[in-house]
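Welcome to this tour! Open your viewer, get ready to select a few things, and follow along one stop at a time.

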Amino acid sequence: MTALRLRPLNGFSGSLGQRVYQTLRQSILSLEYRPGEILRKPEICEALGVSRSPVREALRMLVENRLVEKAPHKGYSVKQLDMQEIHELYDVRMALETYVIERLAQSDYPEKDWKELYRTWQNLRKVAITDPADFAKLDEEFHEKLAVWTGNRTLLQQIRSIDERLYFIRVTDITTIERLRKTCEQHLRILDCIREKNIECAREALQLNIEDGRK
């Protein structure tokens, strides 16, 4: 069963320990390993055909990145969702992305990329949901692309870090046609406000979108 939930190591780069970390991380973020589930080193070693050393390194990295927790006498398990931490992450996300929106509404942005992103979310209003994880990724990419347009790499890195830790929430967010269409309309409104150079409008549109996700 473990083997079915882990991607081949040759799909990742870096040292052996880093590649084990990347495949475990991807499986955790895609909910193939559920919150609270125990990660057993022998099973991981057998599934990936590696020794215990790179698996130990990978588990240590997962603990450092707060995706896994280690308990005495119990070993490693996927971190449980913590509602207080989730709300704190949404608070930080709101602050960072509000800055992004205000910055874009006052400066230039890549017109070609804006049009492409606008078309993407126009077209998404017409499709049916097959896999919520796909839309979670698209939603994540929308907000990160806005950060890319600011040219601030440190800001983008911080937003991506928060997005990784909120991935569980995003997967359970856009699960109905109504929620998808509402998200599409909110994203299009954000883009319209940026084009209109209306800072107040852009701020309100973004904050409504993020608060709906939080709820």
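Select helices α4 and α10 and look at how they run: the two are roughly antiparallel, because their axes cross at roughly 155 degrees and angles over 145 degrees count as roughly antiparallel (under 35 is roughly parallel, 65 to 115 roughly perpendicular, and the rest oblique). Helix α4 covers residues 83-106 and α10 covers residues 199-214, and their axes come within 9 Å. Axes here are lines fitted to C-alpha atoms, for helices over the stretch in contact, with angles running from 0 to 180 degrees between N-to-C directions. Helices (H or I, at least four residues) and strands (E, at least two) are DSSP runs, numbered from the N terminus.

This is a predicted model, in which local features need pLDDT of at least 70 and side-chain atom pairs count only at pLDDT 80 or more, while totals for chains, interfaces and linings use all residues. Residues are numbered from 1 along each chain as its sequence is written, and side-chain values use heavy atoms, with hydrogens and water left out.

Stay with the pair and turn on side chains. The crossing of α4 and α10 is right-handed, which describes a near helix turned clockwise from the far one by less than a right angle (anticlockwise would be left-handed). Residues in the contact (heavy atoms within 4.5 Å) include Tyr90, Asp91 and Met94 of α4, and Leu206, Ile210 and Arg214 of α10. By class, the contact of α4 with α10 has eight nonpolar, five polar and seven charged residues. Ala, Val, Leu, Ile, Met, Phe, Trp, Tyr, Cys and Pro count as nonpolar, Asp, Glu, Lys and Arg as charged, and the others, Gly among them, as polar.

**Next stop: salt bridges**

Select arginine 214 and aspartate 91. Their side chains meet in a salt bridge, with N and O 2.9 Å apart; the term needs a side-chain nitrogen of Lys or Arg within 4 Å of a carboxyl oxygen of Asp or Glu. This pair links α10 with α4, across 123 residues of the chain. Is arginine 214 buried or exposed? Arginine 214 is buried, at 19% relative accessible area, whereas aspartate 91 is partly exposed at 44%. Buried means under 20%, exposed over 50%, and partly exposed in between (1.4 Å probe, protein chains only).

Now pick glutamate 164 and arginine 25, whose closest N and O atoms are 2.0 Å apart in another salt bridge. Glutamate 164 sits in helix α7 (residues 153-165) and arginine 25 in helix α1 (residues 16-29), 139 residues apart.

For a pair within one helix, select arginine 60 and glutamate 64, which form a salt bridge at 2.8 Å, N to O. Both lie in helix α3 (residues 52-64), and because they are four residues apart, about one helical turn separates them. Arginine 60 is partly exposed at 41%, while glutamate 64 is exposed at 54%.

**Another helix pair**

Select α6 (residues 132-150) together with α7: their axes come within 9 Å and cross at roughly 165 degrees, so these helices are roughly antiparallel too. Their crossing is right-handed. The contact includes Ala147 and Val148 of α6 with Leu155 and Ile159 of α7.

**Zoom out**

Finally, show the whole chain: you should find 10 helices and three strands. Of its 215 residues, 44% count as buried.
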